[in-house]
2 protein chains.
Amino acid sequence: MMNKDIFVKLLQQRQFKAVRSILDVMNAVDIASLLSELNDKELALVFRLIPKDKAAEVFSNMNNSMQSYLVEIFSEKELRELLDDLYMDDTVDMLEELPANLVTRILDTISHEDRDTINRLLNYPEDSAGSIMTTEYVDLKSDWTVSRAMAHIKETGIHKETIYTCYVTDHRKLVGIVSAKDLMTTDDEVLIQNLMETEIISVFTHMDQENVAQIFRKYDLLALPVLDAEGLLVGIVTFDDAMDVMVDEATEDITKMAAVAPSEKTYFETSAFSHAKRRIPWLLILMFSSIITGTIITKYENAFAAIPLLVSFIPMLMDTGGNCGSQSSTLVIRGIALDEIRFHDFFRVVWKEFEVSLLVGIVLATANGARIFLMYHNLGLALVISFSLIATVIISKLIGCILPLLAKQIGLDPAIMASPLITTLVDTCSIIIYFSIATRVFAL
Amino acid sequence: MMNKDIFVKLLQQRQFKAVRSILDVMNAVDIASLLSELNDKELALVFRLIPKDKAAEVFSNMNNSMQSYLVEIFSEKELRELLDDLYMDDTVDMLEELPANLVTRILDTISHEDRDTINRLLNYPEDSAGSIMTTEYVDLKSDWTVSRAMAHIKETGIHKETIYTCYVTDHRKLVGIVSAKDLMTTDDEVLIQNLMETEIISVFTHMDQENVAQIFRKYDLLALPVLDAEGLLVGIVTFDDAMDVMVDEATEDITKMAAVAPSEKTYFETSAFSHAKRRIPWLLILMFSSIITGTIITKYENAFAAIPLLVSFIPMLMDTGGNCGSQSSTLVIRGIALDEIRFHDFFRVVWKEFEVSLLVGIVLATANGARIFLMYHNLGLALVISFSLIATVIISKLIGCILPLLAKQIGLDPAIMASPLITTLVDTCSIIIYFSIATRVFAL
């Protein structure tokens, strides 16, 4: 990649020809990330030096504040040229983030027809298929020949985001799909209706983007047609957007699983204040929940007053329970996210976790029981800890697998049932188990 | 999707014509998942009824045990036909999982040339670009015209996994890239050398598949050329494999972050015994580490013998510290995985987490201090807990952000520095902080 310092030096020396040659051979994505290191004045200067056919792609790869700045300083003409070259879904993505005055400026610039399309796209629910689709696609007719279809693509295809999956429509109803591969490898005179696939995988505008991404991955698709409520073709989702959704959804899940409210911004783009705001609510809830565990402990004051050593096993039991529970909940949450585990698998999951927890519990209990017996020569204590461990492991793993499944069933995001919440719940259980066994065995 | 019961009923009534018609309209991925619900005899029967042009695709979507079974019962001829239609990378994927006797059977069936290619592919390190690439791609020459290129694709393209990115080579050296879109929208007589992109994004055979997937996502690629150590083109990675890698890597990270050794199998495919084996090692390590925390507690026996109430705040402090630490570590681990955070950002991250932890600590300390003062009318206790909380939050967040970065720098997977390990470490710190403050304030 281009070194920033060299680039800035060339700029300062006003060697625009050299700058232009560099921009000419660079990839649009790399140009965008190079621009992000420049100041506003340099940004405006360099953006205007980017070859015309690349400018829109560079623009759609820029971050929001850079886009805002450019939209603000652009002349009417520059803005119109840019918007002409931008894909419809990239324009909508940008509009969703821009300040209101700039949105108005953009809507005033574009054609009446495009404005209607954009307004419709902006109205789809956030994170729905409609909100990530583009309205530009190759539209063929079933009575065309391959050569007519190829001629049509040659004429209109340059402005379509993807031309590799073409859609055969009849009065806007989707009747078939033809891949560019089929067109390129079939004889000219064959009719589209004899070539097209009629078993079509499609989604509706309101489907959640996470499900859209799952379908992409399951069927290895390049593009997926989106239908409106009446079943008419209104747009397509392309694989690059699906890929982004997949990664974003994984990030969202991972973030939620750590008791942080998810953000669409990167770590550094988020301010310390906003970071704190996303972390505090769950911490407060969890902190006050763990006070319950503390309150239960005080009930057993007499027990640890008599045998203070009992207190020293609390962290080990709490941690082990928490870790066991989060192992199970994490595996189940991920299984649900990848559609490998569904609610009707409830009893299979519970039974499997029970088997696993028996195996895990016995190993941990044996290891720790042996250690305690060797260290303290106290068989009673060794047995109390061992049995508490087995019971804790079983309960934690059951709670860990059941809660995400229940959350899914009642329409909550399973990811919130991850380690932190499970840990807090399991803590209470493990303390109760431990002290009831201990007080009974030692007759406290 | 086809209902399994209807399908089995048609099979039992030997209505093969109806079965064949159903298979004819079904998608290969859906057929594979339908087959997974049949018994072995039905599987063999139905597989032979699948239309020829779909059979290989169905096969590559089957799970391993189904593939093994079919390879075992196939005649020499059936096996050869199947292998002819399978993409090279799917064949390699299958071979990596099959038992040795079936691998021999397959290698005996295929041509000498293909056998060499397969052996080479099998030799690339697991999870490298070489191990996920295919050796089939469209190879053009720079002095061809567009129409000659299109004719070449029409002739040979049917067997290529992706024809949408074509590679221009000169003595196996990659000199340019042409997209099918460019070919389809450019006049016939234009020379490839005037159309091709020469700024090529490529990877080497040994690059880790996670980095390969990141490049796909960054540049929205359909395919990525793979070069050998001498810079010659040896294959391409296609977007569907990159998409799978992306999801698999996220799953691997999530699994590791919950202290479970990752598996390539799904939750249900993994036996209870194998689940236990993947979970026990970390649990043992963490269990024995948390004994340290317990040992530290015993040092303060006198303190909680004098004020038993002190014990009841242990779970709250431990949990809050663990949660704060895992929030920070999770965000940093994900940031590293997405290449948004690098080691040279070390001090920026530490400073940001310090700011966040001050904000978070003050809010939590105020809330909990107020509660304790109102409940117990004990200002000393309220202050001890509040200060312990602030200190715990700061230390946890710093540990949480520093460890993943250090792990990355010394070549470990940052994902292992997630909640469980952080929690255990933070526990020890929070207990020490808590009791040193408490013993000082109450002069115990």
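Through which surface do the copies meet, judged by the interface residues of chain A that are also interface residues in chain B? In this predicted model, 100% of the interface residues of chain A are interface residues in chain B as well, so the copies meet through the same surface. The contact draws 93 residues from chain A and 93 residues from chain B. On the side of chain A that touches chain B, the most is given by helix α17 (residues 272–299) of chain A, which supplies 17 residues. By residue class, that side of chain A comprises 53 nonpolar, 24 polar and 16 charged residues.

The arrangement of the copies can be described in terms of a superposition. Two copies of a chain are related by a rotation about an axis together with a shift along it. Here chain A is superposed on chain B by a rotation of 180° with 0.0 Å of shift along the axis, at an RMSD of 0.1 Å. This is the relation of a two-fold axis.

Within the single chain, chain A is divided into domain 1 (4–127), domain 2 (139–256) and domain 3 (272–441). The centres of domain 1 of chain A and domain 3 of chain A, taken over C-alpha atoms, are separated by 51 Å.

Strands β1, β2 and β3 of chain A form an open sheet of three strands in the order β1-β2-β3, with mixed pairing. Its edge strands are β1 (139–140) and β3 (173–179) of chain A, each of which pairs on one side only. Strand β2 (residues 165–170) of chain A runs antiparallel to β3(A), to which it is joined by six bridges, and Val168(A) stands opposite Gly176(A) in β3(A).

A further antiparallel pairing, over five bridges, links strand β5 (residues 223–227) of chain A with β6(A), where Val226(A) is placed opposite Gly235(A) of β6(A). The hairpin of β5(A) and β6(A) has five residues between the strands, and in this hairpin Gly231(A) takes a positive phi near 85°. As for the surroundings of strand β6 (residues 233–238) of chain A, six of its six residues are buried, so the strand is largely enclosed by the rest of the structure. In the loop between α15 (209–219) and β5 of chain A lies Asp220(A), a residue other than glycine whose phi is nonetheless positive, near 50°. Asp220(A) has 17 C-beta neighbours inside 10 Å and therefore counts as partly exposed, since a residue is buried if 20 or more other C-beta atoms lie within 10 Å of its own and exposed if 12 or fewer do.

Helix α19 (residues 314–337) of chain A has 24 residues and reaches 34 Å from its first C-alpha to its last, close to the 34 Å expected at 1.5 Å a residue. Because 24 of the 24 residues of α19(A) are buried, this helix is largely enclosed by the rest of the structure. Just after α19(A), a positive phi of about 65° is taken by Asp339(A).

In chain B, a positive phi of about 65° is found at Asp127(B), although this residue is not a glycine. Asp127(B) is located in the loop between α10 (112–123) and α11 (129–132) of chain B, and with 17 other C-beta atoms within 10 Å it is partly exposed.

Technical notes. Residues numbered from 1 in each chain as written. Chains lettered and ligands numbered in written order. Predicted model: local features only at pLDDT ≥ 70, side-chain atom pairs only at ≥ 80, totals over all residues. Domains from an automatic or database assignment. Helix = DSSP H or I, 4+ residues; strand = E, 2+ residues; numbered from the N terminus. Pairing = 2+ DSSP bridges. Least-squares fit on C-alpha atoms with pLDDT ≥ 70 in both. Contact = placed C-beta atoms within 7 Å. Nonpolar A, V, L, I, M, F, W, Y, C, P; charged D, E, K, R; others polar. Expected span 1.5 Å × (residues − 1).
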